[in-house]
Amino acid sequence: MKHVFRSMGLIGLLVIFLIGSMAPVAPMSAEAADEEDPFTRAFWVQAFEDGVKSPEQIDQLLADVEAANMNTIVAQVVRRHDAYFNSSYLPFTEDPNMTEGFDALQYLIDGAEDKGIEIHAWIVLGPMWHPIYGGAPEAEEHIYNQFGPDAPADETWVTKDYNDVVANPMQPYLDFGHPDAREHVINMVKDIVSAYDVDGIHVDYIRYQEDGKGYNPTSLARFQEETGRTDRPQPNDTEWIEWKTHQIDTLMKRIYLETMNMDMNVDVTAAVLSWGFADPRENEFTDLDPVQRAHQNWEMWLQEGYLDFAYVMNYDPEATPGRPERYDQWIEYQKDLERSRGMAIGPALYMNSIPDSLNQIKRAIEPSPAGNIAEGVSPYVYNVWSNDNRPFADLLEALTVPNEDNNYDAPFTEQVDPFPTPWKDAPVGHLLGTYSPDLSGEEVVVTRGQRGREVASGHIDGSGVVGFTDLQPGNYFIHVDGESTRVHVRNGSVTVFDQ
């Protein structure tokens, strides 16, 4: 259920920039918005606790979100490559607390239809399994049993460290440099978008396992073939980090393009990192921990149009010295960042008391010193709502009614629509091409006009796929490996081509 954006000022600004040079748009100015304008107010709802495991739980969730004057539910329906819905691709979850055969996703969609609440399907990508389950999955088809730590070296999808060790065999992690692991991720997304009328797809753990992982044998062989190197790079090797970052960049872009090709109205969002104590306002983003430790360059995703919204995990305990300052540095950077897509700030309820969480939520909504704001706020998490053992009803009241917990200034006193996606109405289209996997790593150059003006370039991924976002409609030439192909980009669609 998409909602109409009521502030034409921002639409006009986006269109002007997109028609022109395709440069990032300015951050949203607080002067262009008022309290009744659309603003995403989302609850992450994870599946390790109650919340989506029965009709009664979802009825309560929907009632709580509506009472809180919030408008978006980001519901974890793929926890560890198991489905909390009727999937044609993944095995049904083995969660003992889940109602057997219950399609939580469809029940959520049906229940939200008349409430003005958007439903975003949250998919966890990286971790393959979790020790909380105990032992291996019972389902033989689960990827842990097929491609986990016990699979042969030439078949496993698991990432390893420099010493060829799986960091945590009971919670192994996908290596996104492996082409088959990447295809698995795409299949999970397509499985939901093809069968469910969701408002959004939300991907989580779309990054490398932190601190020096990535040495899956197949991934390492790809790196060596594409770079011409024969060594095993050190964890801090610059070329190795750049290569792994590129794997995540191209995976995020492909998720976006594959989804847009299926349904342009589905938002693609991602949970992204705010790690480290370096001030993001004063450092290059590629030098910060999200890129250096986990190889997740989400700043570029927002600028190049690889997703619709970044949900930043701004997890800071307000009572810990130094953490409020860190929180404020990051959210100021986020509000002021020039970008072509939306930004949601995600404070951690589970780390804070209810008064401290309300303080952080209000700071997330306020303009930056430069006068800019984000497009949404998404507290984490609905089903672990504070660290002070108070009832959920106290949080609900503090969100909507002035009282002592919010210093008599409640943030969500009225209902508003979620922030829309005006960039999808801009006169642009996208490209998604498929080549032989043998061309993995080859550069693809996109040109336009008789003089062959270069407008974009990229590299073919391990599956033989390349994509380009936010191109003006018209004819282009695609050049790779000495061959050229003519393609036509159409407004508001993805042009798919094979060569």
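The paragraphs below lead through a predicted model, from its parallel strands to its nonpolar cores, a helix pair and a further sheet.

The strands S4, S5, S6, S7 and S8 offer a convenient starting point. Strand S4, residues 118-124, runs parallel to strand S5 and is joined to S5 by five bridges. Within this pairing, Trp122 has His202 of S5 as its bridge partner. Strand S5 also pairs with S6 in the parallel sense, here over four bridges, and Ile201 stands opposite Val268 in S6. Strand S6, residues 267-272, in turn pairs with S7 in the parallel sense over four bridges. In that pairing the bridge partner of Ala271 is Tyr311 in S7. Finally, S7 and strand S8, residues 342-347, are parallel and share six bridges, with Met313 placed opposite Gly346 in S8. Between S7 and S8 the chain passes through helix H10, residues 323-336, and this β-α-β crossover is right-handed.

Two of these strands merit a closer look at their side chains. In a regular strand the side chains alternate between the two faces of the sheet. Strand S5, residues 200-204, is mostly covered, as five of its five residues are buried. Gly200, His202 and Asp204 point one way from S5, Ile201 and Val203 point the other way, and all are buried. Strand S7, residues 309-314, is likewise mostly covered, with six of its six residues buried. From S7, Phe309, Tyr311 and Met313 point one way, Ala310, Val312 and Asn314 point the other way, and all are buried.

The nonpolar interior can be considered next. The largest nonpolar core contains 122 residues, and Ile255 and Trp298 are those with the most contacts inside it. Helix H7 supplies the largest share of this core, namely nine residues. Leaving out residues up to four places away in sequence, Ile255 touches Leu125, Val185, Ile186, Val189, Val203, Ile206 and Val268. Two of these residues have already appeared: Val203 is among the buried residues of S5, and Val268 is the residue of S6 that Ile201 stands opposite. Another core lies apart from the largest one; it has 16 residues, among them Val444, Ile460, Tyr476 and Val480.

Helix H7 also carries polar residues that are shielded. Gln247 lies in this helix, and because its relative accessibility is 1%, under the 20% limit, it counts as buried. Apart from neighbours within four places in sequence, Gln247 is in contact with Phe176, Gly177, Arg182, Tyr208 and Arg222. Asp249 is found in helix H7 as well. Its relative accessibility is 8%, so Asp249 also counts as buried. With neighbours within four places in sequence again left aside, Asp249 is in contact with Asn297, Met300, Trp301 and Tyr306. Asp249 and Tyr306 are 57 residues apart along the chain, and their C-alpha atoms are separated by 8.1 Å.

A pair of helices provides another packing arrangement. Two packed helices are described by the angle between their axes and the distance between the axes. Helix H11, residues 354-365, and helix H12, residues 392-400, pack at an angle of about 35 degrees, and their axes are 10 Å apart. The crossing of H11 past H12 is right-handed. At this contact, Ile354, Leu358 and Ile361 of H11 meet Asp394, Leu395, Ala398 and Leu399 of H12.

The last element to describe is an open sheet of three strands, arranged in the order S14-S11-S17 with mixed pairing. Strand S14, residues 465-471, and strand S17, residues 494-498, stand at the edges; each has a single partner strand, so one side of each is left without a neighbour in the sheet. On average, neighbouring strands of this sheet are turned by 15 degrees against each other, direction ignored. Strand S11, residues 429-434, runs parallel to S17, and five bridges join the two. One of the residues involved is Leu431, whose bridge partner in S17 is Thr495. Helix H7, residues 238-262, packs on this sheet and touches S11, S14 and S17. The direction of H7 makes about 70 degrees with that of S14. Helix H7 thus appears in two settings: it gives the largest share of the 122-residue core, and it packs on the sheet of S14, S11 and S17.

Conventions: Residues numbered from 1 in each chain as written. Predicted model: local features only at pLDDT ≥ 70, side-chain atom pairs only at ≥ 80, totals over all residues. Heavy atoms only, no water. Pairing = 2+ DSSP bridges. Axes fitted to C-alpha atoms, helices over the stretch in contact; angles between N-to-C directions. Contact = heavy atoms within 4.5 Å. Buried < 20%, exposed > 50% of the residue type's maximum accessible area, 1.4 Å probe, protein only. Right-handed = clockwise from strand over helix to strand, strands pointing away. Core = buried A, V, L, I, M, F, W, Y, C linked by side-chain atoms within 4.5 Å. Left-handed = near helix turned anticlockwise from the far one by under 90°.
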